[in-house]
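Okay, thanks for coming, everyone. Let me put the model up and then we'll walk through a few things in it.

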Amino acid sequence: MSTVRLTTAQALVRFLAAQYTERDGERRRLIAATWGIFGHGNVAGTGQALVEDRALMPFHQGRNEQAMVHAAVGYARQSNRLSAHAVTTSIGPGATNLVTGAALATVNRLPVLLLPGDTFATRPADPVLQQLQLPSAGDVSVNDCLRPVSVYFDRVGRPEALVPAALEAARVLTDPAATGAVTLALPQDVQAEAYDWPEEFFAERTWRVRRPRPDAAELDTAVRAVRAAERPLVVAGGGVRYSGAEEALRTFAERAGLPVATTQAGKGALPYDHPCDVGGVGHTGTETAAALARTADLVIGVGTRYTDFTTASGTLFPGGARFLNLNVTGFDAHKQAALPLVADAREGLTALTEALGDHRRDTGRWAASKRRWQERVDAAYAAPDEGARPTQTQVLGALDTLVDASDILINAAGSLPGDLHKLWRPRSADQYHVEYGYSCMGYEIPAAIGVLLAAPGRPVWALVGDGTYLMNPTEIVTAVQERLPLRLVVLQNHGYASIGGLSEAVGAERYGTDYRYRDADGGFTGPPLPVDLGANAASLGMRVLRPRTVRDLREALREARAATVPTCVYVETETPDTVSGPPPAPAWWDVPVAETATRKAAVEAREEYDRHVTARRRHL
């Protein structure tokens, strides 16, 4: 057997550069690039390997370890999980900073390869810099924090252990039913250790992404359930997108005459103006979808995890409703005591459509409700006074008149996900990019960079509030360095708008949610803090536009869309007290309220909570 002598880190880089995915005849690099911040745990190993083979492995320099994972996740989502990025960090805080990003990737079932440095396998000194010591466990390092948030974890304690670990990592990254964050912890001495590697380890290898077809018996049961249902409703989730099943969903809905509601991850599965599309479902959804959900006798979930926002914490769907779940994972297919149809979304929908034949219902029964909802969207977007300061929904309305199917909108946290789920009109299957599985503040800017790398030439918008911006603006520098035309819209409302509203609703009186000066008695009063986030963005290298009115805003957004450099539109927003804001939530969300309290706000909030919680149902 022919061998080649390389360090462990060099071998890993060469192995990753030779891995490919294939689905439906499309072949792509599995690991298209590596992100890195170097420290003593990876600079001499992985860092040296990346410069050694920089022609094989593109490299992106990050500023924050968590943000690097977000950028990798954005890339993987835009690539429909067929291509991913790796992330390398040092040991210590560099490694622990990966945990949030890893959790986000695993929650959302999106592949990312994490390569944190680790303490010495040979223990020449104990402890070394940044080493965590536990008196009861000598083999634990801070990287063990990544175990519960990774779908696969391995510590490569010897060079030869890399062969099975790397192969297993690639298998999991390309498994549509098991993907997420994959961690290979790399002790820093092992990274630099040389070994004679079999040349076969570096041969090109193609990992075929499976499309499992449905079991015949499960398919027969599913067809009988659809035929028997009088008021069925489809709930489309992110699995539709990752499978590339949008056309199959459209055909299924049209032929069977079914309304299609969407989760945050599934929004855009049908264009907003398709007759079968009824908008978002759940706490942040539309009244049209909520009304259909409350009367549905069969809920057909396609690629959804049924989070509490989708089910309105178990209060949205009727107690007698049955569930039929088409999902590539058995775990999700069995949720809500459902009839399972374990299959790839595209293959399952195609099989259902063929088996149903000419079975069809009237698609017009929700048309009037949908039309009324669009009128409410128009009212929320409307700006009667072009010279006034815009509200948040008017900012979305201005964007709505500007974008086309090529634009991509990215958001994750705050009040924007609710407004977007209710109001946004997606023109393409991948225009709507809201990360709401983990709803991580600070995701948007780095994720937009990942999307720009996956979809060069398309206008990509990161929409953030001031709270989210303050969490993680560092990758603006990366966008400048990479010459990526990031379009950033910062909405300055001087506090946490979403949590402020929730705080008020649960009796916590908006305490600690506004950006104001601290009083001696512990309160927060006075004018907003003199914070200028536009100046901050400019200091990091962005071009900054400062519209003051709705009229200015429209021009600034047009200018940003045409820009070829990173551009920020910094908007001081108006609260919607005198103009139309977003419609209220059409369904409940369970946030437990203090069972006993002396303050009137909390007592009244608990009474309201007790009224809602009685409507919760368990579907058995």
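A quick definition before the empty space: when I say a residue lines a cavity, I mean it has an atom within 4 Å of one of the cavity's grid points. When I say helix, I mean a DSSP run of at least four residues, numbered from the N terminus. And keep in mind that this is a predicted model.

So, cavities. How many of 30 Å³ or more does the structure hold? There are 4, and the largest has a volume of about 620 Å³. Its lining takes in 45 residues, and Gly238, Gly239, Tyr242, Gly303 and Arg305 are the closest to its centre. Two elements give two or more residues to that lining, helix H9 (238–243) and helix H12 (308–311). H9 gives the most, with 4 residues. By character, the lining splits into 16 nonpolar, 19 polar and 10 charged residues.

The second largest cavity comes in at about 160 Å³. Here we have 19 lining residues, with Lys267, Tyr272, Asp277, Gly279 and Gln374 nearest the centre. Strand S14 (277–280), helix H15 (367–381) and helix H17 (416–423) each put in at least two, and H15 gives the most, with 4 residues. This lining divides into 9 nonpolar, 5 polar and 5 charged.

Okay, on to salt bridges. The structure has 41 of them, and I'll pick out a few. Glu574 pairs with Arg389, with the closest N and O atoms 3.7 Å apart. That one links distant parts of the chain, since the two residues are 185 apart: Glu574 is in the loop between strand S25 (567–572) and helix H24 (600–613), and Arg389 is in the loop between H15 and helix H16 (392–400).

Next, Asp404 and Arg561 meet at 3.2 Å, N to O. Asp404 sits in the loop between H16 and strand S18 (408–411) and Arg561 in helix H23 (residues 550–561), so this pair ties together parts 157 residues apart in sequence. Asp404 is partly exposed, at 36% relative accessible area, and Arg561 is also partly exposed, at 23%.

There's a network too: Asp24, Arg211, Arg213, Asp344, Arg346 and Glu347 are linked by salt bridges.

Last stop, the surface. Phe38, Val43 and Phe59 form a nonpolar patch there, with about 240 Å² of accessible area together. Phe38 lies in the loop between strand S4 (31–36) and helix H2 (43–52), and its 35% relative accessibility is why we call Phe38 partly exposed.

Definitions and conventions:
Residues are numbered from 1 along each chain as its sequence is written. This is a predicted model: local features need pLDDT of at least 70, side-chain atom pairs count only at pLDDT 80 or more; totals for chains, interfaces and linings use all residues. Side-chain values use heavy atoms; hydrogens and water are left out. Patches are made of residues with over 30% relative accessible area and no salt bridge: like charges are joined within 9 Å, nonpolar side chains (Val, Leu, Ile, Met, Phe, Trp, Tyr) within 5 Å. Accessible areas come from the Shrake-Rupley method with a 1.4 Å probe; for residues, only the protein chains shown count as cover. A salt bridge is a side-chain nitrogen of Lys or Arg within 4 Å of a carboxyl oxygen of Asp or Glu. Buried means under 20% relative accessible area, exposed over 50%, partly exposed in between (1.4 Å probe, protein chains only). On a 1 Å grid over the protein atoms alone, a cavity is a set of points where a 1.4 Å probe fits but cannot get out, and a pocket is an open set with protein on both sides within 12 Å along at least five of seven lines; lining residues have an atom within 4 Å of a point. Grid points are joined across faces, edges and corners, and a volume is the space filled by probe spheres set on the points. Ala, Val, Leu, Ile, Met, Phe, Trp, Tyr, Cys and Pro count as nonpolar, Asp, Glu, Lys and Arg as charged, and the others, Gly among them, as polar.
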